[in-house]
Amino acid sequence: MAPILLAASVVAVVAAALEVRRRSRANALRLLRAAWGRPVDRERRVETILASHRSRMAAIPSGGSLDDRTWDDLNLDDVFAAIDHCESTLGQHALYHRMRTAPVADHLEPFEALVTLFQRDAGLRERAQTVLSRLRDPHGYDLRWLARQDAIDIRPWYVVFPILTSATIVLAVLSTVSSIALAALVAVVLVNLVTRYLTDRRIMALAPAFRQLAPVIATAERLQFPSGDDIGPLVGPMQADTPRLGRLKTIARWVSGDPLMLSMSQNPLALLVSDIVNMAYEYLNLVFLLDANGVYFGARGLDEHRHALLRVLVAMGDVDAAISVASFRTGRRDWTRPRFRPAGEPGALTDIAHPLVVDAVPNGATLTPGRGLLITGSNMSGKSTFLRTVGVTAVLAQTLHTCLAAEYHAPVFHVRSCIGRADDLLTGRSYYIAEVESLLGLVDASGAAAPHLFLLDELFRGTNAVERIAAGQAVLLQLLLAANQARPHVVLAATHDGELVDLLPGTYAPYHFGDTVAPDGLTFDHKLRPGPATTRNAIALLRIHGAPDELLVRATTCAARLDADRGTTLRSR
């Protein structure tokens, strides 16, 4: 009877474990499907991701990156967070890098094919998401650092680790037949313990990132199913390079102290076995210096296969980034694929919207090479938001092949901006000086033959009106004209200075955002319209909010006199 009960108990435990595993997988799949197309609220170590991007760009001498000023002006950290639906830290790195690559991200057509594949094939996409979900450990941010040539500094004396381990094994065998060997074993074990203590800080500093290699390589082995000629430039390295990393994975598993590498979603019986193995590993590690040997031999493996590892990391990140863009598209009905025109042709942007603006009012623009748009209107009417919308739309079109618009037909642009306003407290520079330096950088860039899209907001605010207008006119003309020859660029500039409209006829087409003075203040419809702004609201707002009659009379009289002086000046030109 006892054997029967024991067998029945084993069967019951196994059946229960299988059921727990089935339910765990079903729950994970349910969560994936519920989150599909929705924004993801998570911690994002943007500074570390930026460092990874810069490291990656440094390895590509001919590569271009969106400059810090433009990235910040367009609030692209927040845009990145809105699009980041990635499962892994590798995916976050790849998505950020792709968004910041200028003017066009690498392999844009294969990336589009991969995004479309994940939009079309939910089963394939969910399988990839499940595999990639193993790589959410924050230490994954260190992986590109680990693949650098100088990542692990192996000192010559580290050879003592395998020597001590070998001596321990040999003496352990001989101690079964020799008391002298037993005494020597005790002595060597004591040396191992002291060595482990003295090197623990250094080994532990290297181990967290190194430990990620095992799950990363194991994930790459499971992620080789997306294939096809159209996506080959992106996913090909996983098929070609992953087999070379098998030995490195084995070493990393032992460095990790988790040889079985089970995820927390495994059934309880498997996790119990894993805990027992991990506990045994800790004791064996003290005696045999397992993690120190792993770092020593693993560093050699890294040195031999670092380029293959980097290619695999990039490929896995691109797969996850493509899933992220597919999810972002699913959550929006107002997205479209861009159509790129040859340089020199006009751009047509129809019903573009900003991804961070809730219920955004769509607007459009025609971008004619050698011409600009001069946009006037009140504060809060939508001028700066429109500039950012155009910039973000162009960046997303050229990096993710995705933009929020009814149509996007335009050449490829180098996007540059001078929009934000802030003093540089670290260097002691005022906003005005920082703006002048930024504008001169744009003037220098305008000498390039490649088409640029320049976005400018309220030039030279902070100086007197005469010089502000004069300097603004000079900069705006310089960006588009050289020796009276039109340059291939497009400029969008927002301003409160209506005089610039009269000073830039033919080169800059005037547009405006209107407003209406209502009993409770200003109202805006945020629609871009042709022509300069004609409404005035400062004196009307003073009246609505109870300003004294004497003040209102003075303001009205002064405004009339200034209008008359301006008309006289224009007639005399």
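How many of the 573 residues of the protein count as buried? The share is 46%. The views below come from a predicted model.

**Figure 1. The whole chain holds 21 helices and 16 strands.** The protein has 573 residues, and 46% of them count as buried. Take the contacts between residues at least 6 apart in sequence: 76% of these join residues at least 24 apart.

**Figure 2. Confidence varies along the predicted model, with its lowest mean in helix 8 and its highest in strand 7.** For the protein, mean pLDDT is 84. A pLDDT of 70 or more is reached by 84% of the residues. Helix 8 (residues 143-146) has a mean of 65. Strand 7 (residues 407-410) stands at 98. Over residues 262-266, pLDDT stays under 50. In the model, this stretch has 8 contacts beyond four places in sequence. Where pLDDT is low, the predicted coordinates should not be read in detail.

**Figure 3. Helix 5 crosses helix 16.** Two packed helices are described by the angle between their axes and the distance between the axes. Here helix 5 spans residues 89-100 and helix 16 spans residues 383-400. Their axes come within 8 Å and cross at roughly 120°. The crossing is right-handed. Helix 5 makes the contact with Leu95, Arg98 and Met99. Helix 16 makes it with Val395, Leu396, Thr399 and Leu400. By type, the residues of this contact divide into 5 nonpolar, 1 polar and 1 charged.

**Figure 4. Trp71 and Tyr96 form one of the 3 aromatic pairs in the structure.** A pair of aromatic rings is described by the distance of the centres and the angle of the planes. For Trp71 and Tyr96, the centres are 4.9 Å apart and the planes meet at 55°. The pair is tilted. Trp71 sits in helix 3 (residues 68-73), and Tyr96 sits in helix 5. The two are 25 residues apart, so the pair links distant parts of the chain. Buried or exposed: which word fits Trp71 and Tyr96? Both are buried. Ring pairs also bring in Phe80, which forms a cluster with Trp71 and Tyr96.

**Figure 5. A cis peptide bond runs from Ala102 to Pro103.** Its omega is near -5°. Most residues other than glycine have a negative phi, and most peptide bonds are trans. Where is Pro103? Pro103 lies in the loop between helix 5 and helix 6 (108-120).

**Figure 6. Asp351 and Met380 have positive phi values.** Neither residue is glycine. Phi of Asp351 is near 50°. Asp351 belongs to strand 3 (residues 347-352). Its relative accessible area is 40%, so Asp351 is partly exposed. Phi of Met380 is near 70°. Met380 is placed in the loop between strand 5 (371-377) and helix 16. Met380 counts as exposed because its relative accessibility is 65%, and the cut-off is over 50%.

**Figure 7. Glu435 is buried in helix 17.** This helix covers residues 431-445. Why does Glu435 count as buried? Its relative accessibility is 0%, and buried means under 20%. Which residues is Glu435 in contact with, leaving aside its neighbours within four places in sequence? They are Cys418, Asp457, Glu458, Leu459, Phe460 and Arg461.

Conventions. Residues numbered from 1 in each chain as written. Predicted model: local features only at pLDDT ≥ 70, side-chain atom pairs only at ≥ 80, totals over all residues. Heavy atoms only, no water. Axes fitted to C-alpha atoms, helices over the stretch in contact; angles between N-to-C directions. Helix = DSSP H or I, 4+ residues; strand = E, 2+ residues; numbered from the N terminus. Left-handed = near helix turned anticlockwise from the far one by under 90°. Contact = heavy atoms within 4.5 Å. Nonpolar A, V, L, I, M, F, W, Y, C, P; charged D, E, K, R; others polar. pLDDT = per-residue confidence, 0-100. Phe/Tyr/Trp six-rings, centres within 6.5 Å; stacked < 30°, edge-to-face > 60°. Buried < 20%, exposed > 50% of the residue type's maximum accessible area, 1.4 Å probe, protein only.
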